[in-house]
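Me: Could you take a close look at one part of this model for me, and then follow it outward into its surroundings? I would enjoy a connected account rather than a list.

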Amino acid sequence: MMNLGRKTVAVIVCAVVLIVGTMAYVFLRKDTPVLRLATTTSTYDSGLLDYILPEFENLFECEVDVIAVGSGQAMEMGKRGDVDILLVHSPSAELAFMDGGYGESRTSVMYNNYVLVGPASDPAGIDASANATDAFQRIHNNGTAGLVQFVSRGDNSGTHNKELSIWKSLDLNVSYFDDNWYLSAGQGMGAVLDMCEELDAYTLSDDATYYQRASENLVPNLAITYNLEKTDATLRNQYSVIPVNSTMWPHVDHTLASAFKDWIVSEGGQDLIASYERFGQQLFYPNAPGYVPSTASLGALPDSLVDSARSVPKGLAAIALTTSPGIRCARW
Amino acid sequence: MTASMELHGVAKRYKEVAAVRDVSLAVRKGEILGILGPSGAGKSTLLRIVGLLEPPDSGTVKLDDRAVDARSVEAPMLRRKMGIVLQKPVVLNRSVRNNLAYALRIRGWDEASIYMRVDEELKRLGLGDRSNKNARVLSGGEMQRLCFARSTIHDPDVLLLDEFAANLDPANVSLLEQMIRQFASRGSSKSIVLVTHNLFQAKRMCDRVALMWDGEIIEIAAKHKFFEDPGDERTAAFVRGELVY
Amino acid sequence: MVGTTGLDLIEVTLLSLYVSGMATILGSAIGIPLGALIGLKEFGGKGAVKTVTYTLYGFPPVLSGLFVYYLFSRAGPFGSLGVLFTPTAMIIAETFLVIPLVTGITITSVVEVDKNIKDTVRAMGASSRQSTLTIMREAWVGLVMACMIGFGRVIAEVGAAYLVGGNIDGKTKVLTTAIMLETRMGHFEWAMALGAVLLFVALAVFFFLRLLQEKELL
């Protein structure tokens, strides 16, 4: 059939164009080695990775494919060998990951801070809290009295888990909280902040998401009611880098993953993280074992001072120092 | 006279209803055979069996002395050699020209000769000026003419027509009747079966007439005998127009 | 600056088109013959097959994504292909979403072709292959509609695209995952602008398909 013939030709042409497109895509991307980095949305959305990765890519003539998902999903990708390296913040899950033998090493990289965000008028008086636990106690007291509301992420994220751990330290069980004041949103941080803006409610937020919302004037009624100075160690959010076990998954790019780990915990990588500012703030505080912030002068300090400059437990610092100086990794 | 097609003891049921029961019939070469009968007598079913569109439940269909099966792989080939005009004229959603070309293409004609033959036929049909129009915009009469051409363009020896005049105005009926006569006169071996419920049409067109009644052929005779000296009471009543259907 | 800049937009849009287009072509290449087969052939359990097909209209995209993820994960049966987090994986996941839609609409379209046409075509002596092709040609409008609806589903789909693509900048970021990213970051206006681009792209494709539908160009 003549018409059918023309049709067939058209379809074949389309198919060929698309297949050639795929092939071209496949071959083009083979040119440079690729490191697949699974990380949480916070590092990606804050712009940190866009800021620091180009330097690594130039240094090692490679590309870094960033897959920004929830911590749990990132960890699962690592377990299944679908990515080369993880940059995550979920200490207990990370430990389980290491115990399962899925990671080659686990090294702390940096932390950022959680803040308690609430109505600028601060009806619960959080401002005067002595510490995070005290602040949560005040929210609980005011909440049960019907004076304030609290929005929980309720999505099993790192932030949610942090919130739960603080309630737990107060011997409070959230499942008994009255849903008149304790709202479990099951949403991302940004959406929860938007809810708080509407409801005049409190929430626990990472500082970057709050600053981003605040800088775009999306949450004019809200303010940081606690941990504005970022001095509360309880409200730190520790990130670790974990190269995926390349013995278990031979295709994992061991060389590049190791290079990335070494680079991000090196002085250069750490300084780069420290220099990232957004919304007029430093958002991430590097604290790899052995790293001394360059503002505190360069490595010529006595050991005792170096220790105090590190934001890591002394025990860990000791481990890091007893291993060979070239390998800055600690297996927790 | 030799028979071009024969039915032997053919029967067909649709669920509980016996549409055709035990019909034997021979269609001779060179004749126009009319099949008359009231609605629901089984005329259309009988035509579909003859046209190899449906297999009978029992009995045999013979084409040129050979038993054939509507379900067999050769059935489409055998149908290609016939021409069948169904009661409701339907056209494909494409141009008049391509509708006609389709009929030849299906029948395996050489692509180069198809359009020459088609254009010639369209001119003859008086549809030459509409050949590039979508066939769906044709009037009922034009559509039925196109359907007729579709079934005769390959010059078949057997032409089966099922109530072709239904839904047509008298002018178009007479036009089509003329086309049928023309077709019949193309050669001495053309067999035509004409299913109709119209006495007068049968009288005008046919050489022999059969009356179908409740799934059976109760009388089959030459036209003059059928109309003037029917052998069956029911035929006589039918011919007198006393049977309301 | 994180997010989608103007220049990225072209790349993201093209990738959206590529992924949705391929998924629609592949899904239709499977769904249309399958639908024609189910619609035109008589076989036992036909009603059940139809019901299952229509039920799969509601197949959750994320589930399709998860399924494809498991297949192409390094730990899965096809892990060695290294397809995960590439447009190819997205195309495969989206194809699974297109197939039931196209199959179902094809079934409906070919069944609705006038029974008299089917009869007439047979009467002319068409083989079953020829008559199937003719009926599909008669059902043309419905078949193009099937492709349109299939395309509409995948161009707007985000769950599977995010899961198996990973929303990698410059590689697997498509319009929908970009919209999700921008929304997550609170850039609602930008997200809506991207949404407008998506609708515009869909409009252009639909316009093209409408032409095919009416003029029978293809």
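Reply: Right after helix 5 of chain C comes G125(C), with a positive phi near 100°. As a reminder before going on, this is a predicted model. Helix 5 itself covers residues 115–123 of chain C, and its buried residues include T120(C), V121(C), R122(C) and A123(C). What covers the buried residues of this helix comes partly from another chain: helix 2 and strand 6 of chain B take part, together with helix 6 (128–138) of chain C.

That leads to the contact between the two chains, which takes 16 residues from chain B and 14 residues from chain C. On the chain B side, helix 2 (75–80) and helix 3 (96–106) each supply at least two residues. Helix 2 of chain B gives the most to that side, with four residues. By character, the side of chain B that touches chain C divides into nine nonpolar, two polar and five charged residues.

Strand 6 of chain B (82–85) also leads us to a second helix 5, the one in chain B: the buried residues of that helix pack against strand 6, helix 3, helix 4 (111–125), strand 7 (158–162) and helix 6 (170–184) of chain B. Helix 5 of chain B is mostly covered, with eleven of its 13 residues buried. Among them are E142(B), R145(B) and R150(B), as well as M143(B), L146(B) and F148(B). Its length holds up too: at 1.5 Å a residue, the 13 residues of this helix (140–152) should span 18 Å, and because its end C-alpha atoms are 18 Å apart, the two agree.

Now for the nonpolar cores. In soluble globular proteins, nonpolar side chains tend to be buried together. Here the largest nonpolar core has 99 residues, and those with the most contacts inside it are I67(A), I85(A), L86(A), A89(C) and V164(C). Helix 4 of chain C (residues 87–112) gives the most to this core, with 14 residues. I67(A) is a good place to look: leaving out residues up to four places away in sequence, I67(A) touches R36(A), A38(A), M77(A) and V83(A) in chain A, and F85(C), G166(C) and I168(C) in chain C. Apart from this core lies another, of 74 residues, which includes L46(B), M82(B), V96(B) and L160(B).

For a last stop, chain A is assigned domain 1 (14–19 + 22–111 + 237–331) and domain 2 (113–230). Their contact takes twelve residues from each domain. The domain 1 side of that contact divides into two nonpolar, ten polar and no charged residues.

Terms used
Residues are numbered from 1 along each chain as its sequence is written. Chains are lettered from A and ligands numbered from 1 in the order in which they are written. This is a predicted model: local features need pLDDT of at least 70, side-chain atom pairs count only at pLDDT 80 or more; totals for chains, interfaces and linings use all residues. Two residues are in contact if their C-beta atoms, placed from the backbone, lie within 7 Å. Ala, Val, Leu, Ile, Met, Phe, Trp, Tyr, Cys and Pro count as nonpolar, Asp, Glu, Lys and Arg as charged, and the others, Gly among them, as polar. Domain bounds come from an automatic or database domain assignment. A nonpolar core is a set of buried Ala, Val, Leu, Ile, Met, Phe, Trp, Tyr and Cys residues joined through C-beta atoms within 7 Å. A residue is buried if 20 or more other C-beta atoms lie within 10 Å of its own, exposed if 12 or fewer, and partly exposed in between; C-beta atoms are placed from the backbone. The expected span of a helix is 1.5 Å times one less than its number of residues.
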